[in-house]
Amino acid sequence: MIDSFDYVVIGAGSAGCVMANRLSADGTASVALLEAGARDWNPWIHVPVGYFKTIHNPATDWCYETEPDPGLNGRSLKWPRGKVLGGSSSINGLLYVRGQHQDYDRWAEMGCSGWSFDEVLPYFKRAENQARGESEYHGVDGPLHVSDMSFKRDICDDFIKGVAELGTPISDDYNGAEQEGVGYFQLTAHNGRRCSTAVAYLKGIKDRPNLTILTHAMAERIGFENGRAHTVQIKHKNVPRTIKANREIILCGGAINSPQLLQLSGIGPGQLLQDHGIDVVVDSPDVGGNLQDHLQIRSVYKTNKANTLNDELSNSFQKMRAGITYLTSRSGPLSMAASQVYAFCKTRLSNERPDIQYHFQPLSADSPGEGLHPFSAITASVCQLRPESRGTILIKSPNPTDHPVITPNYLSTELDCLTAIESIKHTRRVMQSDAMRGHIKEEYVPDSNAQTDDELLNQAREISNTIYHPAGTCRMGADSQSVLDPQLRVRGVAGLRVVDASVMPEIVSGNTNAPTIMIAERAADFILG
């Protein structure tokens with residue numbers, strides 16, 4: 001049996017939910033939305049701090065893992081990606097960050113016409129329901145709730161002051177005229193609950209008669225006829241099924257799944273496909289290339305005052321009290337995002353724009369889900385905003401259930417290594433500031449004995465981790481080698497687009513969820529005209 005729809009959207013993540021909503025809005029076009037995971041029924045998805053329960057959970061996370069990376073002294077990293085309605089927007093840290101204006105102007109300079117900041121700003125605003133109200137940079141009519149941080153602590157205020165002592169201005173809107181600054185994050189949350197794209201874009205429209213949402217629907221291959229994408233082969237609840245697209249197939253699998261599915265379908269590096277016995281539809285060497293990610297260096301400092309969440313949640317009674325607080329008022333520790341304070345800084349004041357970003361937390365843990373440390377501590381994670389290192393995502397077999405080979409090539413360029421060294425030095429200066437010095441007992445991570453540049457770089461290789469922002473693996477561009485044209489159409493075939501973070505020619509200077517939603521809003525206009 002073949003089911004036929006005007007549009008078939010593969011992947012109900014940060015971009016796919018947007019596409020399903022916008023393409024079905026006028027009621028005339030039939031839309032199928034395919035999601036390999038389940039519906040977002042898990043209650044921890046909707047509690048902001050619930051990412052501790054959903055990350056690394058195979059019920060909600062693809063649980064990818066990278067290859068051993070020479071840049072990390074041979075370590076492999078876990079790469080969470082959402083496998084549920086809402087995708088990674090259902091398991092991420094809720095941080096709403098657009099990036100720098102120059103990021104998008106740079107895309108336009110690279111040949112991606114239509115993607116300058118002035119051209120994408122209306123799509124950020126169209127998506128947004130900003131709690132602060134409407135302004136030049138913010139909208140209020142969109143479905144995506146964006147709110148201010150309500151969870152604050154004195155040590156967070158002091159971190160803000162400490163960063164400001166080093167020359168970064170205190171700011172209340174890094175998504176406004178200028179990104180540079182330090183302050184509290186904005187969140188994709190509303191009334192103390194997560195606002196994923198499933199909540200924002202799907203919850204109110206699931207009963208549209210022209211929209212069909214299939215969960216547990218694993219896309220295995222895209223089929224082509226006379227050079228046009230026209231079918232998607234899926235396993236729906238383990239039963240083979242064919243879904244036909246009369247107009248277009250929109251691939252929204254994300255920076256890992258999208259290149260994987262293109263390669264499985266015959267679009268990718270020709271030799272790779274032939275090695276796996278896959279017929280080459282389009283020899284497109286860059287599919288799966290250009291992989292970029294933000295690598296965070298997590299510095300943990302023990303504090304000499306019992307004023308961190310490690311202290312507030314150190315026993316069962318305190319945890320129960322936090323739960324009651326959340327249930328009764330949607331506030332307290334369970335309402336907190338992955339980080340509380342941002343800082344977009346320059347490692348050198350001579351830099352034209354910020355090159356590092358901080359995620360500050362009044363707590364510490366070895367990793368999400370493993371529990372807080374049994375001592376008072378804080379975490380200041382810092383990442384390079386525009387890494388030069390490039391990696392690949394390549395299939396390891398023609399079996400769609402086999403995870404692809406993920407090779408990030410972290411810290412493989414001189415600039416990336418120098419920025420890692422300067423980032424650790426910058427963090428140490430913040431902790432030695434007048435505002436923070438009184439809090440600090442000792443440096444726990446990295447090793448305080450590491451002082452030379454070589455020692456600091458080795459520490460970065462030993463302790464750094466992904467901050468969950470893979471991008472760029474199906475890049476758009478004006479050149480013939482780009483996977484997509486600037487309207488996100490796959491080169492070499494008709495009727496197929498990619499819409500997600502993989503389309504970025506260069507990663508944005510910040511968290512990638514908000515830009516991915518914008519990309520989908522922009523793509524909807526490309527498709528609908």
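Tyr184 has Val341 as its bridge partner in strand S18, and that pair is a good place to start looking around this predicted model. From there, the briefing follows S18 and its neighbours, then moves to a hairpin, a small open sheet and a nonpolar patch on the surface.

**Strand S18 and its partners**
- Strand S7, residues 181-184, pairs with S18 in the antiparallel sense, and 4 bridges link the two.
- S18 also pairs with strand S19, residues 356-361, again in the antiparallel sense and over 5 bridges.
- If you want a residue pair to find by eye here, take Phe344, whose bridge partner in S19 is Gln357.
- S18 spans residues 341-345 and is mostly covered, with 5 of its 5 residues buried.
- That cover reaches both faces of S18: Val341, Ala343 and Cys345 are buried on one side, while Tyr342 and Phe344 are buried on the other.

**The S12-S13 hairpin**
- Strand S12 (residues 217-225) and strand S13 (residues 228-236) run antiparallel and are joined by 8 bridges.
- Together S12 and S13 make a hairpin, with 2 residues between them.
- In the turn of this hairpin you will find Asn226, which has a positive phi of about 55°.
- To follow the pairing of the two strands, look at Met218, whose bridge partner in S13 is Lys235.

**A three-stranded open sheet**
- An open sheet is formed by 3 strands in the order S5-S6-S8, and its pairing is mixed.
- Its edge strands are S5 (128-130) and S8 (186-187), each of which pairs on one side only.
- S5 is parallel to strand S6, residues 144-148, and 3 bridges hold the pairing between them.
- Within this part of the sheet, Glu128 stands opposite Leu144 in S6.
- Helix H5, residues 117-127, lies across S5 and S6 and runs at about 65° to S5.

**A nonpolar patch on the surface**
- Phe317, Met320 and Ile324 make a nonpolar surface patch of about 330 Å².
- Phe317 belongs to helix H11, which covers residues 316-329.
- Is Phe317 buried or exposed? Its relative accessibility is 52%, so Phe317 counts as exposed, the cut-off for that class being over 50%.
- For a contrast on screen, turn from Phe317, which is exposed, to Phe344 in S18, which is buried.

How values were computed:
Residues numbered from 1 in each chain as written. Predicted model: local features only at pLDDT ≥ 70, side-chain atom pairs only at ≥ 80, totals over all residues. Heavy atoms only, no water. Pairing = 2+ DSSP bridges. Contact = heavy atoms within 4.5 Å. Axes fitted to C-alpha atoms, helices over the stretch in contact; angles between N-to-C directions. Patch = residues over 30% accessible without salt bridge, like charges linked within 9 Å, V, L, I, M, F, W, Y side chains within 5 Å. Areas by Shrake-Rupley, 256 points an atom, 1.4 Å probe, with all protein chains shown as cover. Salt bridge = Lys/Arg side-chain N within 4 Å of Asp/Glu carboxyl O. Buried < 20%, exposed > 50% of the residue type's maximum accessible area, 1.4 Å probe, protein only.
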